[in-house]
Amino acid sequence: MTRKQSAPQVKIGFEETSLRISIDAILPLHEISERVRKSVKYSQIAASIAEVGIIEPPVIVRDRDDRDRFHLLDGHLRIDILKNRGEAEVVCLIALDDEAFTYNKRVSRIAIIQEHKMILNAIRKGVSEERLARALNVNIANIRMKRNLLVGICPEAAELLRDKHVPITVFTELRYLKPMRQIEAAQSMITMNRYSTGYARSLVASTPEDQLVEGRERRPRGLTEEQIAVMQRESENLDREFKLVEQSYGADQLDLVQAVGYVNHLLGNARIVRHLAQHHADILTELQKIVDMLEAA
């Protein structure tokens, strides 16, 4: 094998330099509602921008037909706030991946880890903790907790949770676990779509002794070793069952969509509906409920 053949080809996700782009040239994927504009999160971001400016640049992608037009992938709230402030331009990262929907699902929506990174970036740029606290309308203790969010958390677990809306206290629980168990716990939270502190505590409680950080043993009072062993087995069984369901979910969902589409097509035929109404009214009622559920979903 030659040196040229063995060299790995790395795909770059962004253009090499960020650009200052006219806000009018950026097309959002969705509109910001008045309800969102009145939210606490929107107010915090607005206060942050007013105090320290844009820390995390919005992510955009070039339009396929017009290279001077862009689609906004990440940063809808930031762009909306800048527009309302009367700003004309903003520095952006230019993504090379034009699969906007797919990319958009991977982007963090001001999740706790993204807040952590924004705070670290601001501190590196010389912004004081007091100024950040004013910008985010929180106390300094909160800023320090978020600054130290990933202390004691392995990079792999942090990466798994990077775009999840996880309570800050969950990371306190994860610090009781060794790195491999942290990864397993993060995977379990993702699989179950449960990110509560209570669920994290249950994962810590069901963790074997040898997977806990030495000197940080934590057990809920009143649990015997037998009860803990039962919790461990039930947790493992639940993980296995969930993975089996996950494997068949895609096919089941496709079958369901096709079946509902077929029912919807049948109910679009006036002769069929009339026949069912006259001879099988109960069946017609159930079929209409199925279609109504699809439209409401």
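Over which residues does pLDDT stay under 50 with one contact beyond four places in sequence? The stretch is residues 1-11, and it makes a good reminder that what you are looking at is a predicted model.

**Figure 1. Welcome to the whole chain, a predicted model.** The chain has 297 residues, and 33% of them count as buried. Its secondary structure comprises 15 helices and five strands. Among contacts between residues at least 6 apart in sequence, 71% join residues that are at least 24 apart. The accessible surface adds up to about 19,000 Å², and carbon and sulfur atoms account for 53% of that surface.

**Figure 2. Confidence along the chain.** The mean pLDDT of the chain is 79, and 82% of the residues reach 70 or more. Helix α9 (residues 155-160) has the highest confidence, at 94, while helix α5 (residues 100-106) has the lowest, at a mean of 42. Over residues 99-109 the pLDDT is below 50, yet this stretch has 24 contacts in the model beyond near neighbours in sequence. For residues 1-11, where pLDDT also stays under 50, the model has one contact beyond four places in sequence.

**Figure 3. The five-stranded sheet.** Here you can follow the strands in the order β1-β5-β3-β4-β2. The sheet is open, and its pairing is mixed. Which strands stand at the edges? They are β1 (19-22) and β2 (26-27). Each has a single partner strand, so one side of each is left without a neighbour in the sheet.

**Figure 4. Strand β3 and its two partners.** Strand β3 (residues 59-62) is joined to β4 by four bridges, and these two strands run antiparallel. With strand β5 (residues 89-95), β3 shares three bridges, and this pair runs parallel. Take Val59 as a guide: it stands opposite Asp74 in β4, and its bridge partner in β5 is Leu93. Val61, in turn, has His71 as its bridge partner in β4. Are the residues on the two faces of β3 buried or exposed? Val59 and Val61 on one side are buried, and so are Ile60 and Arg62 on the other, leaving both faces covered.

**Figure 5. A closer look at Asp74.** Asp74 lies in strand β4 (residues 70-74). Its relative accessible area is 7%, under the 20% cut-off, and Asp74 is therefore buried. The side chain of Asp74 makes a polar contact with the side chain of Arg78, at 3.3 Å. Across the sheet, Asp74 stands opposite Val59.

**Figure 6. Helix α6 from end to end.** How many residues does helix α6 (residues 112-124) have? There are 13, which at 1.5 Å a residue should span 18 Å. The end C-alpha atoms are 19 Å apart, which agrees. The buried residues of α6 are Ile112, Ile113, Gln114, Glu115, His116, Met118, Ile119 and Ala122. When reading such a list, it helps to know that an α-helix has 3.6 residues a turn, so residues three or four places apart point the same way. After α6 comes Gly126, whose phi is positive, near 95 degrees.

**Figure 7. Glu173 and Arg201.** Glu173 is found in helix α10 (residues 168-174). With a relative accessible area of 3%, Glu173 is buried. Which residue's side chain makes a polar contact with the side chain of Glu173? That residue is Arg201, at 3.4 Å.

**Figure 8. Two partly exposed helix residues.** Ala141 lies in helix α8 (residues 140-147) and is partly exposed, with a relative accessible area of 46%. The C-alpha atoms of Ala141 and Glu130 are separated by 9.9 Å, and the two residues are eleven residues apart along the chain. Ile272, for its part, is found in helix α14 (residues 270-279). At 31% relative accessibility, Ile272 counts as partly exposed. Ile272 and Leu284 are twelve residues apart in sequence, with 9.6 Å from C-alpha to C-alpha.

Technical notes. Residues are numbered from 1 along each chain as its sequence is written. This is a predicted model: local features need pLDDT of at least 70, side-chain atom pairs count only at pLDDT 80 or more; totals for chains, interfaces and linings use all residues. Side-chain values use heavy atoms; hydrogens and water are left out. Buried means under 20% relative accessible area, exposed over 50%, partly exposed in between (1.4 Å probe, protein chains only). pLDDT is the predictor's confidence in each residue, from 0 to 100. Contact means heavy atoms within 4.5 Å. A polar contact is a pair of N or O atoms within 3.5 Å; within protein, one must be able to donate a hydrogen and the other to accept it, and residues adjacent in sequence count only if both atoms are side-chain atoms. The expected span of a helix is 1.5 Å times one less than its number of residues. Accessible areas come from the Shrake-Rupley method with a 1.4 Å probe; for residues, only the protein chains shown count as cover. Two strands pair if DSSP finds at least two bridges between them.
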